[in-house]
Amino acid sequence: RPWDILVTFALFSGPGFSWALKKVIMPDVAAAHYALDVLATCDVIFIGMFANRGFWLISVLVSLVFCFMEFFVVGVQRDFFAGVCLVVVFAFASFATYRKDMNSIGLLGPMVAFSIGGGARIFSSPASGTIYLCAGIATAYSLLLWIRRHRHLPPSLQGCKFVRLKFLRDLCSGPGLGIRRCQDLPPEAFGDPTKAEVIISVSHRWMDRHTCDIATPEFPQGLRLHTMVQKLDMHFSSLGIGKGRGLGERWRRFCESLTSGRDVLVFFDFMSLPQQGIALDGVVLPRSEEDEALFRQCLPNMGVLYSMFPVLVCEEVTGTVGPYTESGWCFSELQIALLGSQLDKFSSTCGVVRQLARPPHSLKGDELQRFVDATNDSLDGKVFQEEENRATVRAIVGSFVLKGRLVEAVQNTHIGRLAEVLVDLEHHRLRGFLDEPVDELLNTPVHLAVAGGFTAGVRQLLSSGANPTLRNLRGDTPMQCFLLPRLGSAARTCRRAAHSSLVAETGEPAEKIGAAFIEDGDLGIESSSGSSSEDFN
């Protein structure tokens with residue numbers, strides 16, 4: 001890939017370039033030079049923690065000062081070239097949209113700088129040069145980890161769109177039409193969920209069947225739009241600085257306040273999924289066939305969004321609309337977010353959340369089932385605009401129970417319970433749950449089973465159709481940990497299954513895909529040639 005080529009070239013060309021210039025480079029290194037190196041390193045760490053466009057531009061100025069100090073004050077000409085690299089790379093990083101891309105580009109600067117410094121010192125001071133080169137290799141490894149870091153949504157939610165906080169702010173402050181349905185929004189309204197720093201799911205009650213929001217004299221752009229942006233700005237703007245109960249929460253709020261509005265994405269159902277609309281003459285605008293298919297695909301999997309991402313509860317409604325808790329959809333979203341521990345970050349001060357009877361920190365087994373049964377009983381008294389949605393919500397809540405049982409069986413390495421859950425998933429046609437994330441790192445059940453050394457569980461999950469090649473938030477497959485290959489029989493089992501599926505998909509001989517060998521049947525998953533094969537990682 002281009003990134004791999006660029007990283008390799010930058011890592012190995014730096015020492016060679018510095019060695020070629022060694023005849024014109026001063027060998028003496030003053031104590032002030034080390035102090036400047038420390039300052040430059042602190043600068044890189046600081047902007048990595050609070051990366052946004054403003055900080056990267058500041059880092060360009062700091063790096064310029066670093067260059068001139070090295071060249072004119074300390075007189076170390078060799079590190080002047082390293083400083084120039086920092087300036088150029090940081091300048092490019094400032095134009096990236098997402099923090100992930102900023103850090104990925106920005107890490108190129110220190111990597112090249114360390115490589116140049118190491119190449120310049122490796123002959124005059126082998127110990128110092130080795131340290132610099134090791135720092136360059138460590139930076140290259142960090143760069144690879146940042147590049148691999150992606151948020152992979154479940155296949156059933158691939159069609160969902162996520163709205164940028166910056167776009168919501170523009171709607172709230174500009175002369176626009178307020179909240180609009182997904183089909184009517186411009187492409188720049190949406191962000192990339194695989195790269196965004198923060199994703200938030202909004203739980204709210206619709207105040208109008210076709211427009212979702214209602215304009216009031218106080219909020220001409222819409223009550224929902226204004227209250228939602230106001231709550232988000234309490235975290236992702238200077239308004240959040242100094243807020244919080246303890247030191248830890250205040251530090252978290254401070255870091256959030258520095259996050260760019262482009263790096264915060266919001267799942268807001270009316271703007272994120274295809275919806276019906278209404279024309280100016282009052283004619284209802286239905287979904288197209290393609291939009292309807294996408295809507296029906298995503299609807300049963302809505303529970304994943306409220307259990308996987310932090311939830312912002314917007315309970316405000318006008319006097320003509322019933323309260324938030326009266327809505328069946330709102331009630332189910334609230335309960336799922338409660339079970340998934342997703343309410344504490346952005347909704348802890350919400351009045352509806354404060355009134356909830358909090359369940360134990362981790363409900364399992366019969367406790368989880370009783371909690372969900374009580375939730376289903378409460379749904380009988382809730383309001384749905386379409387009665388068929390009541391059954392959909394019950395299915396979502398029931399699927400959450402099955403997912404909880406699946407995770408519990410894998411974490412406890414209980415093969416009998418795992419087999420029972422897999423039978424239930426097959427019965428309810430929910431086999432796709434095997435490939436859905438189950439925690440904040442977006443690990444799948446196969447990730448958990450391999451990490452726990454649950455070889456029998458890995459075998460059972462794979463035989464039920466689980467995908468052994470899906471990646472978590474760090475970009476790791478179940479066979480990897482921070483890019484490095486996992487060891488143990490569980491990892492070998494998963495690796496062989498991935499190799500066998502690759503052979504079956506491509507139709508290529510195993511010898512062309514990886515080094516294959518046969519073990520004495522400790523797996524029972526066979527390749528297309530009929531024998532068990534082990535692949536390279």
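**View A. Thr 413 is found in the loop that lies between helices α17 and α18.** The structure is a predicted model, in which local features need pLDDT of at least 70 and side-chain atom pairs count only at pLDDT 80 or more, while totals for chains, interfaces and linings use all residues. Residues are numbered from 1 along each chain as its sequence is written, and side-chain values use heavy atoms, with hydrogens and water left out. Helices (H or I, at least four residues) and strands (E, at least two) are DSSP runs numbered from the N terminus. Most residues other than glycine have a negative phi. Thr 413 is not a glycine, yet its phi is positive, at about 50°. With a relative accessible area of 40%, Thr 413 is partly exposed; this class lies between buried (under 20%) and exposed (over 50%), with a 1.4 Å probe and protein chains only.

**View B. Helix α17 (residues 388-411) packs against helix α18 (residues 415-427).** The two axes are 9 Å apart, and the packing angle is about 155°. Because of this angle, α17 is roughly antiparallel to α18. Axes are lines fitted to C-alpha atoms, for helices over the stretch in contact, and angles between N-to-C directions run from 0 to 180 degrees. Angles under 35 degrees count as roughly parallel, over 145 as roughly antiparallel, 65 to 115 as roughly perpendicular, and the rest as oblique. The crossing of α17 past α18 is left-handed, a term used if the near helix is turned anticlockwise from the far one by less than a right angle, whereas clockwise gives a right-handed crossing. On the α17 side, the contact (heavy atoms within 4.5 Å) is made by Leu 402, Arg 405, Leu 406, Glu 408, Ala 409 and Val 410. On the α18 side, Arg 417, Leu 418, Val 421, Leu 422, Asp 424 and Leu 425 take part. By class, the residues of the contact of α17 with α18 are eight nonpolar, no polar and four charged. Here Ala, Val, Leu, Ile, Met, Phe, Trp, Tyr, Cys and Pro count as nonpolar, Asp, Glu, Lys and Arg as charged, and the others, Gly among them, as polar.

**View C. Helix α18 also packs against helix α20 (residues 455-463).** The angle between α18 and α20 is about 15°, and their axes lie 10 Å apart. This angle makes α18 roughly parallel to α20. The crossing of α18 past α20 is right-handed. Ile 415, Leu 418 and Leu 422 in α18 meet Ala 456, Gly 457, Gln 460 and Leu 461 in α20. Five nonpolar residues, two polar residues and no charged residues make up the contact of α18 with α20.

**View D. Helix α5 (residues 99-106) crosses helix α7 (residues 126-148) at roughly 155°.** The axes of α5 and α7 come within 9 Å. As a result of the crossing angle, α5 is roughly antiparallel to α7. The crossing of α5 past α7 is left-handed. From α5, Lys 100, Asn 103 and Ser 104 meet Leu 143, Trp 146 and Ile 147 of α7. Three of the residues in the contact of α5 with α7 are nonpolar, two are polar and one is charged.

**View E. Ile 199 is a buried residue of strand β2 (residues 198-204).** Its relative accessible area is 3%. Apart from neighbours within four places in sequence, Ile 199 is in contact with Arg 151, Phe 162, Pro 193, Leu 265, Phe 309 and Pro 310. In sequence, Ile 199 and Phe 309 are 110 residues apart, but their C-alpha atoms are 6.3 Å apart in space.

**View F. Ala 337 is a buried residue of helix α14 (residues 328-339).** The relative accessible area of Ala 337 is 0%. Residues up to four places away in sequence aside, Ala 337 touches Tyr 306, Val 311, Gln 342 and Leu 343. Phe 309, named in the preceding view, lies 28 residues from Ala 337 along the chain, with 8.6 Å between the two C-alpha atoms.

**View G. Phe 482 lies in the loop between β7 (480-481) and β8 (484-485).** The phi of Phe 482 is positive, near 50°, although the residue is not a glycine. Phe 482 has a relative accessibility of 36% and therefore counts as partly exposed.

**View H. The whole protein has 22 helices and eight strands.** Of its 537 residues, 50% are buried. Among contacts between residues at least 6 apart in sequence, 71% join residues at least 24 apart.
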